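This report goes through selected features of one protein chain, from overall make-up to single residues.

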Amino acid sequence: MTSFQSTLGEDSGIADELAQNQREISIAEFFEKNKHMLGFDSGARGLVTAVKEAVDNALDATEEAGLAPDIYVEIAEAGDYYKLIVEDNGPGITKAQLPKVFGKLLYGSRFHAREQSRGQQGIGISAAVLYSQLTSGKAAKITSRTQGSADAQYFELIIDTDTNEPEIKEARETSWDRSHGTRIELEMEANMRARQQLHDYIKHTAVVNPHARLELREPGLEEPLKFERATDQLPAETEEIRPHPHGVELGTLIKMLQATESYSVSGFLQEEFTRVGKKTADKVVDSFRDRHFGREMGWSAPDAHEDADLRAAIVDAVSGKGADATDAFADTVVDVLQNRERTTHHELRDIVDNAAAAAAEDFDKTFGETVKENAVEAAWAVLAGYDEESETDRLTADVYALVDGATSTRKDDATVTALAERLARKFGTADDYRHRTTFKQLRTYVDDAANATVEYDDATVGDTARENVTEAFWSVMQTVPDEVPKVNDVADDRDISSQLLEAMRETDILAPPTNCLSPISAELVEAGLRKEFDADFYAAATRDAEVHGGDPFIVEAGIAYGGDLKAEGSVDLLRFANRVPLVYQRGACATTDVVKRIGWRNYGLDQPGGSGMPNGPAVIMIHVASTNVPFTSESKDALANIPAIEDEIELAIREAARELKSYLNKRRSMEKRRQKQDVLGKILPQMADKVSEVTGRPRPDIDGALARIMNNVSVERELEDGTVTLIVENYSDRTEQPDITDIVSVEPQNVSDGATVVDLDGEWFVKWSPSVPSGETVKLTYDVSDDADFDINVDGVENEKLTVQA
Ligand SMILES: Nc1ncnc2c1ncn2[C@@H]1O[C@H](COP(=O)(O)OP(=O)(O)OP(=O)(O)O)[C@@H](O)[C@H]1O
């Protein structure tokens, strides 16, 4: 690297020299150097990423066209390289678009759409093309046939990395046996070291996309891996939504203001954003108005007995209207003012206007603008009268009341008075005679007054007191009636735009709609887990939608436990974003962080040290669906640590984990019961023998003893003179309803009430479902004419709570 440091200072032309080396970098060139950002950092990983990008696109495209996806993936050795083929039955890509889709980075249909889709950036497949051409030097071969067209289009292309434009090597029409769809063929330097990840990706894609059919062929696989469709039901169609006012940033807002056809801010808000109707727009505009113009402070009018003569001041200000009209006018204004708690400058103006109009009509006089101006000025001078000399002027008294109400009772009166006097001076000597201030300016008034009081009066005025005083004033101040600037003027001025943005963010607005999202649903999460994992227990939870940065999101979680799942080591974590399995960077993912933070011992899983990944035969599955999934990088491997999303992930997992906990608790108590029964089963006969031996009496009857001790349901058979009696005794503490089926080899007669009898090829199934209250016995009977074989089956009561002697 050239070092300019040694020559710096001697040569003023270094900037010129540097300038010679400065040039624009094309996007394609940039990604060529930073392949890892897109997930193409090695041959093994590059292959997985290429498969992932192509399959994600195929799923997006087929679903968008309302077609059940049928996707074929083939990896084959091709000399020094590997060839990847991905085919879909999607809607195809038009001849005009095809070169750009594959031969231009940052070209796609989803970047601007607020809708849940796997693709977001318009980089994925073109980056795979770039990776293939960089490592193998071969062009990408694409075939695509749009629905209804007779022929398919065939292209061979590479990306020109200087211009980021497709360079077409061959283009022709071709025939293709698929009636519509797209086929991509890429050759690349690769290896199969990431076979496991590849299989995981395909398998997990099948878990969360039960409507898709997937097939994978690869070297070393004797039989292709096939995942058949489990349902014909496509995921609910999603709808694109407009941005939410809480989610946009200043630059975007300015761009939207420049592009809109709306003239007024209210129209703009209603037109361009989701969840903004007239009412919400009015609220935002009011808040924008407060920020742009400030609010006006209002003051109270003197009582009749106060010496400030409001009436006299108004009368003095009016000339040439005759005594009667002037008096009537002044009386009306004074009356209205005295009946109001406080009045701002613009309200006073309205009051004067109305009083002037009434007097003009009654006395046939004209009250011109100047007269009214004078009257407003005179009345305002009394209302907001401030005398720097006097310590007890009207304005200070008004301010005192507000400050006193807003500060805690512990503040002594001297402090409140000092603060009020200083604050009154701020208003009284303000540049804006109408006493308009923005919230920020008001806070500065309060801070300045408080600081001076702290400094000169040896008092304490803390942050809470300052906030409370500011709030007290702001809440009595009035929004002004001035028209807010029009869209063009807002767009032209950064400060005004940011006032509007603040107003948008501060106004309460309904969360965005969620029809732009398509969660899998708790039911299908569980079904997906059942389909791919052989476990004893499954649970799933889908949370309600939440919003982050204007984008709605939904979190789902699932847990599978036991069965064939591997018992050693930590549990398996399956991560999904918009139905795409996340394969790499598990350790850098918010989902992993949340799982590690949860205290799993509470839920019955082993967790060494009480934190970190839990151990045991379990799979934990997390799905985050959003119109804008916050990934940590372009390679879309891991979710960023966004607190709002992490909270929901945690709640979803805890919901499913609570079910796991009660399952495990129950399993544990059943296990204990079984052990106890095993022991009792062994020692009871021994005890009976011993008792008989010691007492010299016959061996006591221990039939039913086990059931009694264990509080079980006991079913016992007696056969006497051709009558079978099934004695059902309930020793538990609640009513039980066992399903008892006796399978008999001869036809049963005189079957007792409530039974169904089914003859199946010479075997009779006699079934009862008696309700047996706690502590009671029910007898079920039938007759048999001959010697018979019996086989009893009892359902509806857990095995551990059942003693059958039949
Ligand atoms: N198999 C396909 N069938 C139909 N259209 C496709 C197919 N593959 C890609 N496209 C179109 O090409 C665009 C670009 O795809 P690309 O993979 O580059 O980006 P993306 O999927 O939009 O986003 P990301 O970079 O996040 O993957 C897509 O937005 C889509 O409109």
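What share of the 806 residues in the protein chain is buried? Buried residues make up 39% of them; a residue is buried if 20 or more other C-beta atoms lie within 10 Å of its own, exposed if 12 or fewer, and partly exposed in between, with C-beta atoms placed from the backbone. This is a predicted model, in which local features need pLDDT of at least 70 and side-chain atom pairs count only at pLDDT 80 or more, while totals for chains, interfaces and linings use all residues. Residues are numbered from 1 along each chain as its sequence is written.

The protein chain has 23 helices and 25 strands. Helices (H or I, at least four residues) and strands (E, at least two) are DSSP runs, numbered from the N terminus. Of the contacts in the protein chain with a separation of 6 or more, 70% are between residues 24 or more positions apart; two residues are in contact if their C-beta atoms, placed from the backbone, lie within 7 Å.

**Helix pairs**

Two packed helices are described by the angle between their axes and the distance between the axes. Axes are lines fitted to C-alpha atoms, for helices over the stretch in contact, and angles run from 0 to 180 degrees between N-to-C directions.

| Helix pair | Axes come within | Crossing angle |
|---|---|---|
| H12 (residues 345–363) and H13 (residues 369–383) | 10 Å | roughly 130 degrees |
| H15 (residues 413–428) and H16 (residues 439–457) | 9 Å | roughly 135 degrees |

At its angle of roughly 130 degrees, H12 is oblique to H13. Angles under 35 degrees count as roughly parallel, over 145 as roughly antiparallel, 65 to 115 as roughly perpendicular and the rest as oblique. H12 and H13 cross in a right-handed way; a crossing is left-handed if the near helix is turned anticlockwise from the far one by less than a right angle, and right-handed if clockwise. On the H12 side the contact includes His345, Arg349 and Asp353, and on the H13 side Lys372 and Trp380 are among the residues met. By class, this contact has 7 nonpolar, 1 polar and 3 charged residues. Here Ala, Val, Leu, Ile, Met, Phe, Trp, Tyr, Cys and Pro count as nonpolar, Asp, Glu, Lys and Arg as charged, and the others, Gly among them, as polar.

With axes crossing at roughly 135 degrees, H15 is oblique to H16. The crossing of H15 and H16 is right-handed. Among the contacting residues are Ala414, Leu419 and Arg422 of H15 and Tyr445, Ala449 and Asp457 of H16. The contact of H15 with H16 divides into 9 nonpolar, 2 polar and 4 charged residues.

**Single residues**

Leu501 belongs to helix H19 (residues 494–506). Leu501 counts as buried because it has 20 C-beta neighbours inside 10 Å. Its C-alpha atom is separated by 6.8 Å from that of Leu250, although the two are 251 residues apart along the chain. Leaving aside neighbours within four places in sequence, Leu501 is in contact with Leu250 and Leu253.

Asn578 is not a glycine, yet has a positive phi of about 45 degrees. Asn578 sits in the loop between strand E15 (572–577) and strand E16 (580–581). Is Asn578 buried or exposed? Asn578 is buried, with 24 other C-beta atoms within 10 Å.

Asp721, also not a glycine, has a positive phi of about 50 degrees. The loop holding Asp721 lies between strand E18 (713–720) and strand E19 (723–730). Asp721 is exposed, with 5 other C-beta atoms within 10 Å.
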